[in-house]
Amino acid sequence: MNFYYKTIAKEGFAEFKDRGSRFLGYAYPIETAEDFKKNLAALKKEHPKAVHHCFAYRIGLDNLLFRVSDDGEPSGSAGRPILGQIDSKGLTNVMIVVVRYFGGTLLGVPGLINAYKTAASLALQVTPEVEKAVEKNYRIHCTYDLLNDVMTILKQVGCTIHNVEQSLFCDVHAGIPLNRLDAVLHKIKDIHTVEITEEKTK
């Protein structure tokens, strides 16, 4: 079982030029397909005159959730080479979009593959890789007076707090690292009246 995965720490940007065409590579850390859609929409707005917005992303740990697009370029000349750069570094929860401004000279399929691959590779080179703990999401339901106790346990082991809803009762939505899961569940269940349930990922 994997307790950690590799992704990128922040956005990266790099530019590659070939025979007048400009290839702008943008790399982003993402968690969901929704994050991907927002970033792609923002780039299309930023570069409305570009001829292509080719992309690839990979999300999750089972290698099943990925998508590639050649966006009008010859089949296999853009999206797959971009994904290849993500996979060659063993990264996940990453998207790369390469925006192309056509320079008037056709590059041919080998030239396109090289250009998209290079732009994607350069964008990844300028952003640091990070190792993150694999987490399971839980909802912790407790009375208001116990919220501090719950939060202290979660913060001690570096859990990710996604959301805290406070009204008559409190619901904490948190990601608990797999390698600390048993210890955290044990400590929380020791607090009287606190309920904890696993949340299914969407």
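## Around helix α5

Let's start with what packs over helix α5, keeping in mind that this is a predicted model. The cover over the buried residues of α5 includes β8 (135–143), α4 (147–156), β10 (169–177) and β11 (195–198). And which residues of α5 (residues 181–189) are buried? They are Leu181, Val184, Leu185 and Ile188. These residues span an arc of only 95° around the axis, so they end up on the same side of α5.

That pattern fits a simple bit of helix geometry. An α-helix has 3.6 residues a turn, so residues three or four places apart point the same way. Now turn to the face of α5 pointing away from the buried side: there you'll find the exposed residues Asp182 and His186.

## Two nonpolar cores

Ile188 is a good one to click on. Leaving aside residues up to four places away in sequence, Ile188 touches Ile140, Ile153, Leu154, Val194 and Ile196. Ile188 also belongs to the largest nonpolar core, which has 25 residues. Along with Ile188, the residues with the most contacts inside this core are Ile140, Val150, Leu154, Val172, Ile176 and Val194.

Where do the residues of this core come from? At least two each are supplied by β8, α4, β10 and α5. Helix α4 gives the largest share, five residues. There's also a second, separate core of 22 residues, and Leu91, Ile96, Ala115 and Ala119 are among them. As a general rule, in soluble globular proteins nonpolar side chains tend to be buried together.

## A five-stranded sheet

Next, look at the open sheet made by five strands. Going across it, the order is β2-β3-β6-β4-β5, and the pairing is antiparallel. At the edges sit β2 (12–18) and β5 (65–69), each pairing on one side only. On average, neighbouring strands of this sheet are turned by 15° against each other, ignoring direction.

How many bridges join β2 to β3? Seven of them do, with β3 covering residues 21–29 and the two strands running antiparallel. You can check the register by finding Gly12, which stands opposite Ala27 in β3.

## Helices lying across strands

Two helices lie across strands of this sheet. Helix α2 (residues 79–88) lies across β4 (52–59), β5 and β6 (94–101), and runs at about 35° to β4. Helix α3 (residues 108–125) lies across β2, β3, β4 and β6, this time at about 150° to β2.

## Rings that meet

The structure holds five aromatic pairs. One of them is Phe23 with Tyr116, an edge-to-face pair at 5.1 Å centre to centre with 80° between the planes. Phe23 is in strand β3 and Tyr116 is in helix α3, so this pair ties together parts that are 93 residues apart in sequence. Are Phe23 and Tyr116 buried or exposed? Both are buried. Add Phe16 to Phe23 and Tyr116 and you have one aromatic cluster.

Now compare that with Phe36 and Tyr57. Their ring centres are 4.6 Å apart and their planes are at 50°, so this pair is tilted. Phe36 sits in helix α1 (residues 33–46) and Tyr57 in strand β4, so to speak two distant parts of the chain, 21 residues apart, linked by the pair. Phe36 has 2% relative accessibility and counts as buried. Tyr57, at 6% relative accessibility, counts as buried too.

Conventions
Residues are numbered from 1 along each chain as its sequence is written. This is a predicted model: local features need pLDDT of at least 70, side-chain atom pairs count only at pLDDT 80 or more; totals for chains, interfaces and linings use all residues. Side-chain values use heavy atoms; hydrogens and water are left out. Two strands pair if DSSP finds at least two bridges between them. Helices (H or I, at least four residues) and strands (E, at least two) are DSSP runs, numbered from the N terminus. Axes are lines fitted to C-alpha atoms, for helices over the stretch in contact, and angles run from 0 to 180 degrees between N-to-C directions. Contact means heavy atoms within 4.5 Å. Buried means under 20% relative accessible area, exposed over 50%, partly exposed in between (1.4 Å probe, protein chains only). The arc is that of the directions from the helix axis to the C-beta atoms. Rings of Phe, Tyr and Trp (its six-membered ring) pair if their centres lie within 6.5 Å; planes under 30 degrees apart count as stacked, over 60 as edge-to-face and the rest as tilted. A nonpolar core is a set of buried Ala, Val, Leu, Ile, Met, Phe, Trp, Tyr and Cys residues joined through side-chain atoms within 4.5 Å.
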